[in-house]
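Reader: Could you walk me through this one slowly? I am still learning how to look at helices and loops.
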Amino acid sequence: MRTIGVVMNGVTGRMGYRQHLVRSVLAINEQGGVTLSDGGRVKIKPVLVGRNADKLADIAAKHGISDFTTELDSALADDDNLIYFDAQVTSARVKAVLKAIEAGKHIYAEKPTAESTQEAMALAEAAAAKGVKNGVVQDKLFLPGLLKLKRLIDGGFFGRILSVRGEFGYWVFEGDWQEAQRPSWNYRAEDGGGIVLDMFPHWHYVMENLFGRVQSVYARAVTHVPSRVDEQGNTYQATADDAAYGIFELEGGIVAQINSSWTVRVNRDELVEFQVDGTHGSAVAGLRNCRVQHRSATPKPVWNPDLPATARFRDGWQEVPDNAEFDNGFKVQWEAFIKHVLEDAPFPNDFASGARGVQLAELGLRSSAEGRRIEVPQL
(Lines give C-alpha, C1' and ligand atoms only; values in the text may rest on other atoms or scores of the structure.)
Protein backbone atom coordinates (compact mmCIF):
# COMPACT_ATOMS: atom_id res chain seq x y z
CA MET A 1 0.00 0.00 0.00
CA ARG A 2 1.28 3.42 -1.00
CA THR A 3 -0.05 6.85 -0.01
CA ILE A 4 0.28 10.00 -2.10
CA GLY A 5 -0.57 13.55 -1.12
CA VAL A 6 -3.10 15.51 -3.18
CA VAL A 7 -3.51 19.24 -2.62
CA MET A 8 -7.23 20.00 -2.98
CA ASN A 9 -7.97 23.69 -3.48
CA GLY A 10 -11.61 24.78 -3.37
CA VAL A 11 -13.17 22.01 -1.28
CA THR A 12 -15.35 24.46 0.64
CA GLY A 13 -17.41 24.88 -2.53
CA ARG A 14 -20.32 22.65 -3.50
CA MET A 15 -18.63 20.64 -6.23
CA GLY A 16 -15.21 20.50 -4.59
CA TYR A 17 -16.69 19.14 -1.38
CA ARG A 18 -19.49 16.83 -2.48
CA GLN A 19 -18.27 15.32 -5.71
CA HIS A 20 -14.50 15.49 -5.41
CA LEU A 21 -13.65 15.18 -1.73
CA VAL A 22 -16.49 13.06 -0.33
CA ARG A 23 -17.73 11.02 -3.30
CA SER A 24 -14.35 10.59 -4.99
CA VAL A 25 -11.19 10.91 -2.86
CA LEU A 26 -12.63 9.72 0.46
CA ALA A 27 -14.71 7.06 -1.29
CA ILE A 28 -11.57 5.74 -3.02
CA ASN A 29 -9.82 5.45 0.35
CA GLU A 30 -12.84 3.70 1.87
CA GLN A 31 -12.72 1.04 -0.84
CA GLY A 32 -9.04 0.41 -0.12
CA GLY A 33 -7.43 2.77 -2.62
CA VAL A 34 -6.79 2.71 -6.35
CA THR A 35 -5.68 -0.65 -7.76
CA LEU A 36 -2.75 -0.35 -10.16
CA SER A 37 -1.95 -2.70 -13.05
CA ASP A 38 0.64 -4.59 -11.00
CA GLY A 39 -1.85 -5.25 -8.20
CA GLY A 40 -0.47 -2.56 -5.91
CA ARG A 41 -2.83 -0.16 -4.22
CA VAL A 42 -2.64 3.58 -3.65
CA LYS A 43 -4.46 5.66 -1.07
CA ILE A 44 -4.87 9.41 -1.27
CA LYS A 45 -3.91 11.82 1.49
CA PRO A 46 -6.00 14.96 0.92
CA VAL A 47 -4.45 18.29 1.86
CA LEU A 48 -7.26 20.82 2.01
CA VAL A 49 -6.60 24.38 0.84
CA GLY A 50 -8.96 27.35 0.87
CA ARG A 51 -9.44 30.93 1.98
CA ASN A 52 -11.64 30.26 5.02
CA ALA A 53 -9.76 28.53 7.83
CA ASP A 54 -12.91 27.86 9.87
CA LYS A 55 -14.67 26.10 7.00
CA LEU A 56 -11.58 24.03 6.29
CA ALA A 57 -11.31 23.07 9.97
CA ASP A 58 -14.97 22.00 10.05
CA ILE A 59 -14.58 19.81 6.97
CA ALA A 60 -11.33 18.33 8.25
CA ALA A 61 -12.85 17.50 11.65
CA LYS A 62 -15.95 15.96 10.08
CA HIS A 63 -13.94 13.58 7.92
CA GLY A 64 -10.86 12.98 10.06
CA ILE A 65 -8.47 14.85 7.77
CA SER A 66 -5.28 16.02 9.42
CA ASP A 67 -3.87 18.48 6.87
CA PHE A 68 -5.50 21.76 5.90
CA THR A 69 -4.16 25.26 5.30
CA THR A 70 -4.96 28.66 3.85
CA GLU A 71 -1.40 28.86 2.45
CA LEU A 72 -1.22 27.28 -0.99
CA ASP A 73 2.53 27.84 -1.23
CA SER A 74 3.25 25.71 1.83
CA ALA A 75 1.11 22.85 0.51
CA LEU A 76 2.87 22.97 -2.86
CA ALA A 77 6.30 23.00 -1.18
CA ASP A 78 5.75 19.53 0.31
CA ASP A 79 7.42 16.91 -1.92
CA ASP A 80 5.01 14.22 -0.70
CA ASN A 81 2.16 16.06 -2.45
CA LEU A 82 2.34 14.80 -6.04
CA ILE A 83 -0.93 16.20 -7.39
CA TYR A 84 -2.63 19.57 -7.28
CA PHE A 85 -6.43 19.67 -7.77
CA ASP A 86 -8.33 22.90 -8.40
CA ALA A 87 -12.07 23.37 -7.87
CA GLN A 88 -12.04 27.09 -7.12
CA VAL A 89 -14.15 29.69 -8.87
CA THR A 90 -13.01 29.94 -12.48
CA SER A 91 -11.55 33.42 -12.08
CA ALA A 92 -9.03 32.16 -9.48
CA ARG A 93 -7.96 29.01 -11.32
CA VAL A 94 -5.26 30.11 -13.76
CA LYS A 95 -3.00 31.81 -11.22
CA ALA A 96 -3.13 28.87 -8.82
CA VAL A 97 -2.63 26.22 -11.50
CA LEU A 98 0.38 28.05 -12.94
CA LYS A 99 1.88 28.17 -9.45
CA ALA A 100 1.34 24.42 -9.05
CA ILE A 101 2.87 23.71 -12.46
CA GLU A 102 5.93 25.73 -11.49
CA ALA A 103 6.16 23.64 -8.31
CA GLY A 104 6.30 20.51 -10.49
CA LYS A 105 2.96 19.07 -9.42
CA HIS A 106 0.76 17.01 -11.70
CA ILE A 107 -2.46 18.95 -12.26
CA TYR A 108 -6.10 17.89 -12.21
CA ALA A 109 -8.64 20.71 -12.53
CA GLU A 110 -12.32 21.37 -12.81
CA LYS A 111 -13.62 22.83 -16.02
CA PRO A 112 -13.53 25.38 -17.47
CA THR A 113 -9.77 25.51 -17.01
CA ALA A 114 -9.79 29.26 -17.70
CA GLU A 115 -12.03 32.15 -18.71
CA SER A 116 -10.42 32.60 -22.14
CA THR A 117 -8.96 30.36 -24.84
CA GLN A 118 -5.64 32.19 -24.61
CA GLU A 119 -5.33 31.46 -20.88
CA ALA A 120 -6.50 27.86 -21.30
CA MET A 121 -3.89 27.23 -24.01
CA ALA A 122 -1.26 28.91 -21.85
CA LEU A 123 -1.97 26.36 -19.10
CA ALA A 124 -1.68 23.46 -21.54
CA GLU A 125 1.61 24.82 -22.90
CA ALA A 126 3.01 25.50 -19.42
CA ALA A 127 2.20 21.97 -18.27
CA ALA A 128 3.79 20.47 -21.39
CA ALA A 129 6.91 22.61 -20.99
CA LYS A 130 7.30 21.56 -17.35
CA GLY A 131 6.64 17.91 -18.19
CA VAL A 132 3.81 17.48 -15.66
CA LYS A 133 0.79 15.32 -16.33
CA ASN A 134 -2.48 17.22 -16.57
CA GLY A 135 -6.17 16.49 -16.73
CA VAL A 136 -9.51 18.26 -16.72
CA VAL A 137 -12.75 16.99 -15.19
CA GLN A 138 -15.06 15.70 -17.94
CA ASP A 139 -17.44 13.77 -15.74
CA LYS A 140 -20.38 13.44 -18.09
CA LEU A 141 -18.45 10.99 -20.28
CA PHE A 142 -18.66 8.56 -17.34
CA LEU A 143 -22.39 8.85 -16.70
CA PRO A 144 -24.33 5.59 -17.16
CA GLY A 145 -26.70 7.13 -19.73
CA LEU A 146 -23.86 8.40 -21.91
CA LEU A 147 -21.86 5.19 -21.50
CA LYS A 148 -24.88 3.32 -22.85
CA LEU A 149 -25.13 5.83 -25.70
CA LYS A 150 -21.45 5.28 -26.49
CA ARG A 151 -22.09 1.53 -26.53
CA LEU A 152 -24.87 2.04 -29.08
CA ILE A 153 -22.62 4.18 -31.27
CA ASP A 154 -19.76 1.67 -31.11
CA GLY A 155 -22.19 -1.14 -31.99
CA GLY A 156 -23.46 0.66 -35.11
CA PHE A 157 -27.02 0.96 -33.80
CA PHE A 158 -27.75 4.35 -35.37
CA GLY A 159 -26.52 3.75 -38.88
CA ARG A 160 -25.55 7.23 -40.06
CA ILE A 161 -26.11 9.74 -37.26
CA LEU A 162 -28.12 12.74 -38.47
CA SER A 163 -28.72 14.97 -35.48
CA VAL A 164 -28.39 15.44 -31.74
CA ARG A 165 -30.83 17.39 -29.59
CA GLY A 166 -29.93 18.21 -26.00
CA GLU A 167 -32.02 19.71 -23.21
CA PHE A 168 -30.37 20.68 -19.95
CA GLY A 169 -31.51 22.79 -17.03
CA TYR A 170 -33.84 23.48 -14.17
CA TRP A 171 -35.25 26.45 -12.30
CA VAL A 172 -32.68 28.09 -10.03
CA PHE A 173 -34.59 30.14 -7.47
CA GLU A 174 -33.90 33.84 -7.42
CA GLY A 175 -32.89 33.81 -3.75
CA ASP A 176 -35.64 36.03 -2.36
CA TRP A 177 -38.56 33.83 -1.36
CA GLN A 178 -36.58 30.60 -1.73
CA GLU A 179 -32.84 30.07 -1.38
CA ALA A 180 -30.96 29.69 -4.66
CA GLN A 181 -29.43 26.27 -5.41
CA ARG A 182 -26.37 27.80 -7.08
CA PRO A 183 -23.87 30.35 -5.68
CA SER A 184 -24.39 33.98 -6.68
CA TRP A 185 -21.07 34.26 -8.54
CA ASN A 186 -22.61 32.06 -11.26
CA TYR A 187 -24.67 35.09 -12.33
CA ARG A 188 -21.86 37.66 -12.36
CA ALA A 189 -19.76 37.79 -15.51
CA GLU A 190 -16.99 39.66 -13.68
CA ASP A 191 -16.57 36.60 -11.39
CA GLY A 192 -16.44 34.08 -14.23
CA GLY A 193 -20.14 33.24 -14.15
CA GLY A 194 -22.56 32.45 -16.95
CA ILE A 195 -24.15 29.28 -18.26
CA VAL A 196 -22.21 29.41 -21.55
CA LEU A 197 -18.83 29.31 -19.81
CA ASP A 198 -20.16 26.69 -17.41
CA MET A 199 -21.92 24.32 -19.83
CA PHE A 200 -20.47 24.75 -23.33
CA PRO A 201 -17.18 23.09 -22.25
CA HIS A 202 -19.32 20.12 -21.13
CA TRP A 203 -21.17 19.98 -24.42
CA HIS A 204 -17.89 20.27 -26.30
CA TYR A 205 -16.29 17.15 -24.83
CA VAL A 206 -19.57 15.22 -25.13
CA MET A 207 -19.88 16.09 -28.81
CA GLU A 208 -16.17 15.63 -29.55
CA ASN A 209 -15.92 12.23 -27.87
CA LEU A 210 -19.24 10.76 -29.02
CA PHE A 211 -20.09 12.35 -32.35
CA GLY A 212 -17.18 14.26 -33.86
CA ARG A 213 -15.28 17.54 -33.93
CA VAL A 214 -17.31 20.75 -33.62
CA GLN A 215 -16.90 22.77 -36.82
CA SER A 216 -19.16 25.77 -36.19
CA VAL A 217 -21.40 27.35 -33.57
CA TYR A 218 -24.40 29.65 -33.64
CA ALA A 219 -25.60 30.61 -30.18
CA ARG A 220 -27.92 32.98 -28.36
CA ALA A 221 -27.00 33.73 -24.76
CA VAL A 222 -29.64 35.47 -22.64
CA THR A 223 -30.04 36.83 -19.12
CA HIS A 224 -33.71 36.04 -18.50
CA VAL A 225 -33.69 36.97 -14.79
CA PRO A 226 -32.00 40.40 -14.48
CA SER A 227 -31.66 40.57 -10.68
CA ARG A 228 -31.20 38.02 -7.93
CA VAL A 229 -30.55 37.86 -4.18
CA ASP A 230 -27.16 36.68 -2.90
CA GLU A 231 -26.15 34.59 0.11
CA GLN A 232 -26.23 37.63 2.41
CA GLY A 233 -29.74 38.61 1.34
CA ASN A 234 -28.61 41.50 -0.88
CA THR A 235 -30.17 42.12 -4.27
CA TYR A 236 -27.65 42.23 -7.12
CA GLN A 237 -27.76 42.66 -10.88
CA ALA A 238 -27.18 39.49 -12.90
CA THR A 239 -24.49 40.37 -15.43
CA ALA A 240 -23.99 36.84 -16.77
CA ASP A 241 -26.20 34.74 -19.04
CA ASP A 242 -28.57 32.28 -17.38
CA ALA A 243 -29.75 30.54 -20.58
CA ALA A 244 -28.15 29.67 -23.92
CA TYR A 245 -29.54 28.21 -27.11
CA GLY A 246 -26.92 26.70 -29.41
CA ILE A 247 -26.67 25.06 -32.83
CA PHE A 248 -23.45 23.20 -33.53
CA GLU A 249 -22.34 21.72 -36.83
CA LEU A 250 -20.16 18.63 -36.39
CA GLU A 251 -17.94 16.73 -38.77
CA GLY A 252 -19.82 14.22 -40.89
CA GLY A 253 -22.76 16.58 -41.38
CA ILE A 254 -24.24 16.01 -37.90
CA VAL A 255 -26.24 18.94 -36.51
CA ALA A 256 -26.52 19.32 -32.74
CA GLN A 257 -29.00 21.62 -31.01
CA ILE A 258 -28.50 22.06 -27.26
CA ASN A 259 -30.51 24.26 -24.91
CA SER A 260 -28.98 25.14 -21.54
CA SER A 261 -31.01 27.01 -18.94
CA TRP A 262 -31.21 27.85 -15.27
CA THR A 263 -34.62 29.41 -15.97
CA VAL A 264 -36.61 26.39 -17.15
CA ARG A 265 -38.96 24.06 -15.28
CA VAL A 266 -38.27 20.39 -15.85
CA ASN A 267 -40.71 18.41 -17.97
CA ARG A 268 -38.47 15.49 -18.90
CA ASP A 269 -37.30 12.35 -17.14
CA GLU A 270 -33.85 13.68 -16.20
CA LEU A 271 -32.14 17.07 -15.79
CA VAL A 272 -30.23 16.51 -19.02
CA GLU A 273 -31.32 14.45 -22.02
CA PHE A 274 -29.81 13.92 -25.45
CA GLN A 275 -31.87 12.59 -28.35
CA VAL A 276 -29.77 11.09 -31.12
CA ASP A 277 -31.45 10.33 -34.44
CA GLY A 278 -29.89 8.14 -37.11
CA THR A 279 -30.93 6.38 -40.28
CA HIS A 280 -31.33 3.03 -38.49
CA GLY A 281 -32.52 4.09 -35.05
CA SER A 282 -32.86 6.74 -32.37
CA ALA A 283 -31.98 6.97 -28.68
CA VAL A 284 -32.73 9.27 -25.76
CA ALA A 285 -30.01 9.26 -23.11
CA GLY A 286 -30.06 10.97 -19.73
CA LEU A 287 -27.82 10.86 -16.70
CA ARG A 288 -28.59 7.22 -15.94
CA ASN A 289 -31.07 5.82 -18.44
CA CYS A 290 -31.14 5.34 -22.18
CA ARG A 291 -34.11 4.38 -24.39
CA VAL A 292 -34.00 3.31 -28.02
CA GLN A 293 -36.30 2.87 -30.98
CA HIS A 294 -35.06 0.88 -33.97
CA ARG A 295 -36.31 1.69 -37.47
CA SER A 296 -38.05 -1.70 -37.61
CA ALA A 297 -40.18 -0.65 -34.63
CA THR A 298 -40.76 2.97 -35.66
CA PRO A 299 -44.48 3.85 -35.98
CA LYS A 300 -45.89 5.87 -38.86
CA PRO A 301 -47.62 8.90 -37.29
CA VAL A 302 -50.05 10.87 -39.44
CA TRP A 303 -50.57 14.56 -38.72
CA ASN A 304 -54.22 15.37 -38.19
CA PRO A 305 -54.94 18.36 -35.92
CA ASP A 306 -58.67 17.66 -36.04
CA LEU A 307 -58.41 14.35 -34.17
CA PRO A 308 -56.87 13.58 -30.78
CA ALA A 309 -53.65 11.56 -30.83
CA THR A 310 -54.35 8.02 -29.66
CA ALA A 311 -50.82 6.64 -29.99
CA ARG A 312 -48.73 6.47 -26.82
CA PHE A 313 -45.43 7.37 -28.43
CA ARG A 314 -43.25 6.73 -25.37
CA ASP A 315 -44.50 3.13 -25.21
CA GLY A 316 -42.68 2.40 -28.46
CA TRP A 317 -39.24 2.86 -26.88
CA GLN A 318 -37.12 0.19 -25.21
CA GLU A 319 -34.79 0.59 -22.23
CA VAL A 320 -31.12 -0.17 -22.82
CA PRO A 321 -29.93 -2.61 -20.12
CA ASP A 322 -27.03 -1.72 -17.84
CA ASN A 323 -24.92 -4.79 -18.73
CA ALA A 324 -22.32 -3.40 -16.31
CA GLU A 325 -21.94 -1.81 -12.89
CA PHE A 326 -21.60 1.98 -13.07
CA ASP A 327 -19.62 3.80 -10.39
CA ASN A 328 -19.70 7.53 -9.63
CA GLY A 329 -18.37 9.30 -12.73
CA PHE A 330 -16.22 11.76 -10.77
CA LYS A 331 -14.68 8.91 -8.77
CA VAL A 332 -13.97 6.84 -11.89
CA GLN A 333 -12.13 9.76 -13.48
CA TRP A 334 -10.12 10.39 -10.31
CA GLU A 335 -8.99 6.76 -10.36
CA ALA A 336 -8.03 7.08 -14.02
CA PHE A 337 -5.96 10.21 -13.33
CA ILE A 338 -4.14 8.57 -10.41
CA LYS A 339 -3.22 5.68 -12.72
CA HIS A 340 -2.16 8.19 -15.38
CA VAL A 341 0.21 9.90 -12.93
CA LEU A 342 1.68 6.77 -11.36
CA GLU A 343 1.90 4.35 -14.29
CA ASP A 344 1.30 6.48 -17.38
CA ALA A 345 -2.11 4.92 -18.11
CA PRO A 346 -4.01 6.68 -20.92
CA PHE A 347 -5.88 9.85 -19.97
CA PRO A 348 -7.14 11.74 -23.04
CA ASN A 349 -8.99 14.42 -21.05
CA ASP A 350 -6.02 16.76 -20.81
CA PHE A 351 -5.60 20.54 -20.69
CA ALA A 352 -5.59 20.71 -24.50
CA SER A 353 -9.07 19.18 -24.63
CA GLY A 354 -10.10 21.55 -21.83
CA ALA A 355 -8.87 24.49 -23.91
CA ARG A 356 -11.04 23.38 -26.83
CA GLY A 357 -14.03 23.49 -24.50
CA VAL A 358 -13.17 27.01 -23.37
CA GLN A 359 -12.77 27.99 -27.03
CA LEU A 360 -16.31 26.80 -27.80
CA ALA A 361 -17.70 28.83 -24.90
CA GLU A 362 -15.78 31.92 -26.01
CA LEU A 363 -16.96 31.55 -29.61
CA GLY A 364 -20.51 30.89 -28.41
CA LEU A 365 -20.56 34.19 -26.54
CA ARG A 366 -19.07 35.92 -29.54
CA SER A 367 -21.68 34.36 -31.81
CA SER A 368 -24.42 35.63 -29.54
CA ALA A 369 -22.97 39.14 -29.39
CA GLU A 370 -22.50 39.36 -33.16
CA GLY A 371 -25.63 37.44 -34.14
CA ARG A 372 -23.91 35.09 -36.57
CA ARG A 373 -22.56 31.60 -37.14
CA ILE A 374 -18.86 31.24 -36.33
CA GLU A 375 -16.51 28.53 -37.52
CA VAL A 376 -14.44 26.78 -34.86
CA PRO A 377 -10.70 26.69 -35.71
CA GLN A 378 -8.76 23.58 -34.74
CA LEU A 379 -6.48 24.06 -31.73
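**Helices, domains and loops**

Author: In this model, which is predicted, the axes of helix 1 (residues 14-30) and helix 8 (residues 329-343) come within 9 Å and cross at roughly 60 degrees. That angle makes helix 1 oblique to helix 8, and the crossing in which helix 1 passes helix 8 is right-handed.

Reader: Which residues of helix 1 and helix 8 make the contact?

Author: Helix 1 contributes Met15, Gln19, His20, Arg23, Ser24, Val25, Ala27 and Ile28, while Phe330, Lys331, Trp334 and Glu335 come from helix 8. Sorted by class, the residues of this contact between helix 1 and helix 8 are 6 nonpolar, 3 polar and 3 charged.

Reader: And how do helix 5 and helix 9 pack, at what angle and how far apart?

Author: Helix 5 (residues 117-130) packs with helix 9 at an angle of about 175 degrees, and their axes are 8 Å apart. Because angles over 145 degrees count as roughly antiparallel, helix 5 is roughly antiparallel to helix 9. On the helix 5 side the contact is made by Thr117, Ala120, Met121, Leu123, Ala124 and Ala127, and on the helix 9 side by Phe351, Ala352, Ala355, Val358, Gln359 and Glu362.

Reader: What classes do the residues in that contact of helix 5 with helix 9 divide into?

Author: The contact of helix 5 with helix 9 has 9 nonpolar residues, along with 2 polar and 1 charged. For the spacing along a helix, it helps to know that an α-helix has 3.6 residues a turn, so residues three or four places apart point the same way.

Reader: How many residues does helix 9 have, and what happens just after helix 9?

Author: Helix 9 (residues 351-370) has 20 residues, and from its first C-alpha to its last it reaches 28 Å, close to the 28 Å expected at 1.5 Å a residue. Just after helix 9 comes Gly371, which takes a positive phi of about 65 degrees.

Reader: Where is there a positive phi in a residue other than glycine?

Author: Asn323 is a residue of that kind, with phi near 55 degrees, and Asn323 lies in the loop between strand 17 (318-319) and helix 8. Most residues other than glycine have a negative phi, and most peptide bonds are trans.

Reader: Which way does the peptide bond from Lys111 to Pro112 go, cis or trans?

Author: The bond from Lys111 to Pro112 is cis, with omega near -10 degrees, and Pro112 sits in the loop between strand 6 (106-109) and helix 5.

Reader: Changing topic, what does UniProt list for residues 147-283?

Author: For residues 147-283 an unreviewed UniProt entry lists "domain: GFO/IDH/MocA-like oxidoreductase", and over that stretch the chain is 18% helix and 36% strand, with the end C-alpha atoms 13 Å apart. UniProt, again from an unreviewed entry, also places "domain: Gfo/Idh/MocA-like oxidoreductase N-terminal" at residues 48-133, where the chain is 48% helix and 16% strand and the end C-alpha atoms are 21 Å apart.

Reader: One last pair, then: at what angle do helix 6 and helix 7 pack?

Author: Helix 6 (residues 144-154) and helix 7 (residues 195-210) pack at about 25 degrees with their axes 11 Å apart, and they are therefore roughly parallel to each other. Leu146, Leu149, Lys150 and Ile153 of helix 6 meet Val206, Asn209 and Leu210 of helix 7.

Terms used
Residues numbered from 1 in each chain as written. Predicted model: local features only at pLDDT ≥ 70, side-chain atom pairs only at ≥ 80, totals over all residues. Heavy atoms only, no water. Axes fitted to C-alpha atoms, helices over the stretch in contact; angles between N-to-C directions. Helix = DSSP H or I, 4+ residues; strand = E, 2+ residues; numbered from the N terminus. Parallel < 35°, antiparallel > 145°, perpendicular 65-115°, else oblique. Left-handed = near helix turned anticlockwise from the far one by under 90°. Contact = heavy atoms within 4.5 Å. Nonpolar A, V, L, I, M, F, W, Y, C, P; charged D, E, K, R; others polar. Expected span 1.5 Å × (residues − 1). UniProt positions renumbered as here; feature names shortened; annotations may be inferred.
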